[in-house]
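Here are a few exercises to work through with the model open beside you. Try each task on your own before reading its solution.

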Amino acid sequence: MAAGRNWNWFHRMGSPRWFYETTGRWLPWLWVLTLGLMLTGLIWGLAYAPQDAKQGNSFRIIYLHVPASFLALAGYYLMAIAGAIGLIWKMKLSYMVMKSAAPIGAALTFIALFTGAVWGKPTWGTYWVWDARITSMLILLFLYLGVLALQYAFHSQETGNKASAILALVGTVNIPIIYKSVDWWYTLHQPATIKFTSAPSMHMDMFQPLLVMIIAMYSFYGLALILYTRVEILRRERKSSWVRELALRTQPAQVDQ
Amino acid sequence: MIAESQGFAGYLRRDLLLAYRRRGEVASPLIFFVLVSTLIPLGISPDSARLAELAPGIIWVMALLATLLSTETLFASDYQDGSLEQLLISPQLLALPVLGKILAHWLVTGLPLTLVSPLIGLMLSLPAAGLLPMMASLALGTACLSLIGAVGAALTVSLRKGGLLLSVLVIPLYMPVIIFGSAAVQSAIDGLNWLGPLAVLAAMLSAAVALCPLAIAGALRLVSNN
């Protein structure tokens, strides 16, 4: 009995309807949390944190750059794990989460690359350097684009799901290899001019807002993922009765359809 | 067990025979490799010092593209004439026939590229110290590329215009191979130990032989179902 009960939550979680209704209740709180943390972190980091001794104010882009990079990488693993769950337990919801994670992750990777380039100009005097971490992020962006492209390449939703899940898993196996080899490649060709301000050596006054921004970005990621997945659920389940009922209930609010 | 090894050898023989009967098609990656390599001096400079500096990277990039071009057809004709379905419904372990097909693919693309590469090396004035490491790294590396490319080919086999998509999927996964491949050649030219990068390539090849057939089998099963 106990085992049966323990697995109930898992099967319930596989139901798109359950997910839609539960996250509907969470959404307002998540919005408040995300906006609160984001505003706190941004205002604290951009206005109150002390200037960097060498880089002046330009270092402040770290408060966007580092959290976005964290989530870009973590998002790939989340996407691949969701794909694996879909392949193993044939869970519909899991594929919807996987599909939603791809554009969010790609956007965050792009933000990380873009803010890095903007930051690089005043700091290193150039927008782009073939540095190990930058190159790895660029490859990560390509990996995301591959999953996205494959997802939309098939007419059948089912095939697109499974194919991109397999690709995401292949990518996951490859990410450590890619990272290590890019690292090795970089040390082979290293131009000696670049130095990073690494996070642990940061002053506490600078580090605390960064921590807030990292948590805020996680919260934002959760929010964005839930919003994307909800839309995906409605799109894929549009023929089911509960979505119809939902649509009928909300229709009077929309005047011109 | 006997049946399984037969599946491997059978598909290897069959694909080699098919390749032999379509010699023109098989030669095109090789011709592409040679042709594009001759564009480089025209586009950059005939100065041998500059070419020598670029040669390891250029040869590796060209070999990668040539392999990529030929990968698209790996499962395509089997998919079109229905023999892929026959393979899928056979009670065999799918990984071994797939491995046989990939070995055949490497024998008709990667191996000829490796054998022709010294010629390109001479034309691009690659230093003599780099010739042997280049052949060794190309032999191991193109086998890796065939295996990784086969995953992409299996995923895109049912798509009518899979070629461009295939390159989007596969090129990011190719990057470690080209890093260590051209590093082996460059180290040899610089008088460093080139067996290190070569060992890494061999390790990648072993991992790819073990893992890629699983992904390919999974991909072929799901893609041919729709």
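**Exercise 1. A turn in chain B**

In which loop of chain B is B:Ser125 found? Once you have located it, look up its phi and its degree of exposure.

Solution. Keep in mind that this is a predicted model. Step one: B:Ser125 sits in the loop that joins α7 (110-123) to α8 (131-155) of chain B. Step two: its phi is near 45°, a positive value in a residue other than glycine. Step three: most residues other than glycine have a negative phi. Step four: B:Ser125 counts as partly exposed because it has 18 C-beta neighbours inside 10 Å.

**Exercise 2. A turn in chain A**

Find where A:Lys90 lies and decide whether it is buried or exposed.

Solution. Begin with the location: A:Lys90 belongs to the loop between α3 (62-89) and α4 (92-124) of chain A. Next comes the backbone, where phi of A:Lys90 is near 50°, again a positive value in a residue other than glycine. Finally, count neighbours: A:Lys90 has 11 C-beta neighbours inside 10 Å, so it counts as exposed.

**Exercise 3. A residue inside a helix**

Work out which residues A:Ala112 touches beyond its sequence neighbours.

Solution. First place the residue: A:Ala112 is in helix α4 of chain A. Then check its cover; A:Ala112 is buried because 25 other C-beta atoms lie within 10 Å, and the cut-off is 20 or more. Leaving aside neighbours within four places in sequence, A:Ala112 is in contact with A:His65, A:Ala68, A:Ser69, A:Ala72 and A:Met137. As a last check, select A:Ile62: it is 50 residues from A:Ala112 along the chain, and their C-alpha atoms are separated by 9.7 Å.

**Exercise 4. The overall form of chain B**

Describe the make-up of chain B, then judge how compact it is.

Solution. Chain B has 10 helices and 0 strands. For its 226 residues the globule rule gives 17 Å, and the radius of gyration is close to that at 18 Å, so chain B is as compact as a globular protein of that length. Its C-alpha trace spans about 55 × 35 × 30 Å along the principal axes. Buried residues make up 49% of the chain. Of the contacts in chain B with a separation of 6 or more, 82% are between residues 24 or more positions apart.

Now zoom in on helix α6 of chain B (residues 95-108). Its 14 residues reach 20 Å from the first C-alpha to the last, close to the 20 Å expected at 1.5 Å a residue. The helix is mostly covered, with 12 of its 14 residues buried, among them B:Leu96, B:Lys101 and B:Trp106.

**Exercise 5. The core and the contact between chains**

Which residues touch the most other members of the largest nonpolar core, and how many residues does each chain bring to the contact?

Solution. The largest nonpolar core has 128 residues, and B:Cys144, B:Ile148, B:Val151, B:Ala154, B:Leu155 and B:Ala219 touch the most other members. Helix α9 (residues 162-189) of chain B gives the largest share of this core, 15 residues. Beyond four places in sequence, B:Val151 touches A:Val170, B:Cys212, B:Ala215, B:Ile216 and B:Ala219.

Turn to the contact itself: chain A brings 23 residues and chain B 21 residues. On the side of chain A that touches chain B, α6(A) supplies the largest share, 14 residues. By class, that side has 17 nonpolar, 5 polar and 1 charged residues.

Conventions. Residues are numbered from 1 along each chain as its sequence is written. Chains are lettered from A and ligands numbered from 1 in the order in which they are written. This is a predicted model: local features need pLDDT of at least 70, side-chain atom pairs count only at pLDDT 80 or more; totals for chains, interfaces and linings use all residues. A nonpolar core is a set of buried Ala, Val, Leu, Ile, Met, Phe, Trp, Tyr and Cys residues joined through C-beta atoms within 7 Å. Helices (H or I, at least four residues) and strands (E, at least two) are DSSP runs, numbered from the N terminus. Two residues are in contact if their C-beta atoms, placed from the backbone, lie within 7 Å. Ala, Val, Leu, Ile, Met, Phe, Trp, Tyr, Cys and Pro count as nonpolar, Asp, Glu, Lys and Arg as charged, and the others, Gly among them, as polar. The expected span of a helix is 1.5 Å times one less than its number of residues. The radius of gyration is taken over C-alpha atoms; the globule rule is 2.2 Å times the number of residues to the power 0.38.
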